[in-house]
Amino acid sequence: MRDKNWLTKIPPSPSHGSNLLQQRYWRVVSDFVRIRDFEKYGACIACGKRFNSWKESQAGHYKSWAVCRWFSKYDTKNIFAECAYCNTGFKGNEVGANFKEGIIRRYGKKRITYIDELTKYPTEKLDEDRIIEGIKSTIKKLSTVKEKPDYFSKIKWAIGRKQKTCK
């Protein structure tokens, strides 16, 4: 049996994922993206609204959650800090165009090409081991930003730990 106790320290996000493990994966990805973008830009990628804290922002997909396939839903190159209005309140062409321009301004046109290719073909399914590895990879990314989510101190050791297996 695998030791997954550390996973329970990550609060699940009810907004994305069909089970608790996927919801925990979304939590760490969402927190990382919002902190990353707040520390570097401090504003919504689509409209430029300034945030006072990373917790004020939402993690929004350039290619929507419904369009993404499997692991591309969690790819931090397709997710950016947005204000609530741009992420959920208004789904119009203006926000989409501003979002795209924000990505190009911050990361260049290659990022748009990357995202288009990422979501074009099916990727590997979300099996448990791959999700756990994705969570650990995102925890490593969280260790590179200044601010940390409240649960980080309870899980940071997991990135260097091998999972136990019983024979």
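## Exercises on a predicted fold

Arg36 touches Thr76, Ile79, Phe80, Tyr107 and Val145, leaving out residues up to four places away in sequence. Keep in mind throughout that this is a predicted model.

### Exercise 1: Arg36 and its surroundings

Work out where Arg36 sits, and whether Arg36 is buried or exposed.

Step 1. Find the element: Arg36 is in helix α1.

Step 2. Check the accessibility. The relative accessible area of Arg36 is 17%, and the limit for buried is under 20%. Arg36 is therefore buried.

Step 3. Look along the sequence. Lys146 is 110 residues from Arg36, yet their C-alpha atoms are 8.8 Å apart in space.

### Exercise 2: The aromatic cluster

Find which residues are linked into a cluster by ring pairs, then classify two of the pairs that involve Tyr107.

Step 1. Start with the total: the whole structure has 6 aromatic pairs.

Step 2. Take Tyr41 and Tyr107. Their ring centres are 6.3 Å apart and their planes meet at 70°. Planes over 60 degrees apart count as edge-to-face, so that is the label for this pair.

Step 3. Place the two partners. Tyr41 is in the loop between α1 and β1 (58-61), while Tyr107 is in helix α3, so the pair ties together parts 66 residues apart in sequence. Both partners are partly exposed: Tyr41 at 21% relative accessibility, Tyr107 at 25%.

Step 4. Now try Phe80 with Tyr107. Here the centres are 5.7 Å apart with 50° between the planes, which makes the pair tilted. Phe80 belongs to strand β2 and Tyr107 to helix α3, 27 residues apart. Phe80 is buried, at 0% relative accessible area.

Step 5. Put the network together: ring pairs join Tyr41, Tyr62, Phe80, Phe99 and Tyr107 into a cluster.

Step 6. Add the charge. Arg111 lies over the face of Tyr107, 4.1 Å from the ring centre.

### Exercise 3: Cysteines

Decide how many disulfides the structure has, and explain why Cys83 is not bonded to Cys86.

Step 1. Recall the chemistry: a disulfide is a covalent bond between the sulfur atoms of two cysteines. The cut-off for calling one is 2.5 Å between the sulfurs.

Step 2. Search the whole structure, and the count comes out at 0 disulfides. Cys44 is in none, and the nearest cysteine sulfur, in Cys47, is 3.8 Å away.

Step 3. Turn to Cys83. The closest cysteine sulfur, in Cys86, is 3.6 Å from the sulfur of Cys83, so the gap is too far for a bond.

Step 4. Check burial. Cys44 is buried, with a relative accessible area of 2%, and Cys83 is buried as well, at 4%.

### Exercise 4: The nonpolar core

Say which helix gives the most residues to the largest nonpolar core, and which members touch the most other members.

Step 1. Begin with the members. The core has 40 residues, and those touching the most other members are Trp6, Ile10, Tyr25, Ile135 and Leu142.

Step 2. List the elements that each supply at least two core residues: α1 (20-40), β2 (79-82), α3 (93-107), α4 (109-118), α5 (128-142) and α6 (152-155). The top contributor is α1, with 9 residues.

Step 3. Relate this to the general trend: in soluble globular proteins, nonpolar side chains tend to be buried together.

Step 4. Zoom in on Leu142. Beyond neighbours within four places in sequence, Leu142 is in contact with Val28, Asp31, Phe32, Ile35, Lys148, Pro149, Tyr151 and Phe152. Two of these contacts form a feature of their own: the charged end of Lys148 sits over the ring of Phe152, 5.6 Å from its centre.

### Exercise 5: Asn87 and the whole chain

Place Asn87 in its element, then describe the chain overall.

Step 1. Asn87 falls in helix α2 (residues 84-89). With a relative accessible area of 15%, Asn87 is buried.

Step 2. Setting aside neighbours within four places in sequence, the contacts of Asn87 are Gln58, Ala59, Gly60 and Glu82.

Step 3. Zoom out: the protein chain has 6 helices and 2 strands, in the order α-β-β-α-α-α-α-α.

Step 4. Of the chain's 167 residues, 46% count as buried. The exposed area is about 9,400 Å², and carbon and sulfur atoms supply 50% of it.

Step 5. Finish with contact range: among contacts between residues at least 6 apart in sequence, 69% join residues at least 24 apart.

Notes:
Residues are numbered from 1 along each chain as its sequence is written. This is a predicted model: local features need pLDDT of at least 70, side-chain atom pairs count only at pLDDT 80 or more; totals for chains, interfaces and linings use all residues. Side-chain values use heavy atoms; hydrogens and water are left out. A nonpolar core is a set of buried Ala, Val, Leu, Ile, Met, Phe, Trp, Tyr and Cys residues joined through side-chain atoms within 4.5 Å. Buried means under 20% relative accessible area, exposed over 50%, partly exposed in between (1.4 Å probe, protein chains only). Helices (H or I, at least four residues) and strands (E, at least two) are DSSP runs, numbered from the N terminus. Contact means heavy atoms within 4.5 Å. Accessible areas come from the Shrake-Rupley method with a 1.4 Å probe; for residues, only the protein chains shown count as cover. Rings of Phe, Tyr and Trp (its six-membered ring) pair if their centres lie within 6.5 Å; planes under 30 degrees apart count as stacked, over 60 as edge-to-face and the rest as tilted. A charge sits over a ring if NZ of Lys or CZ of Arg is within 6 Å of the ring centre and within 35 degrees of the ring normal.
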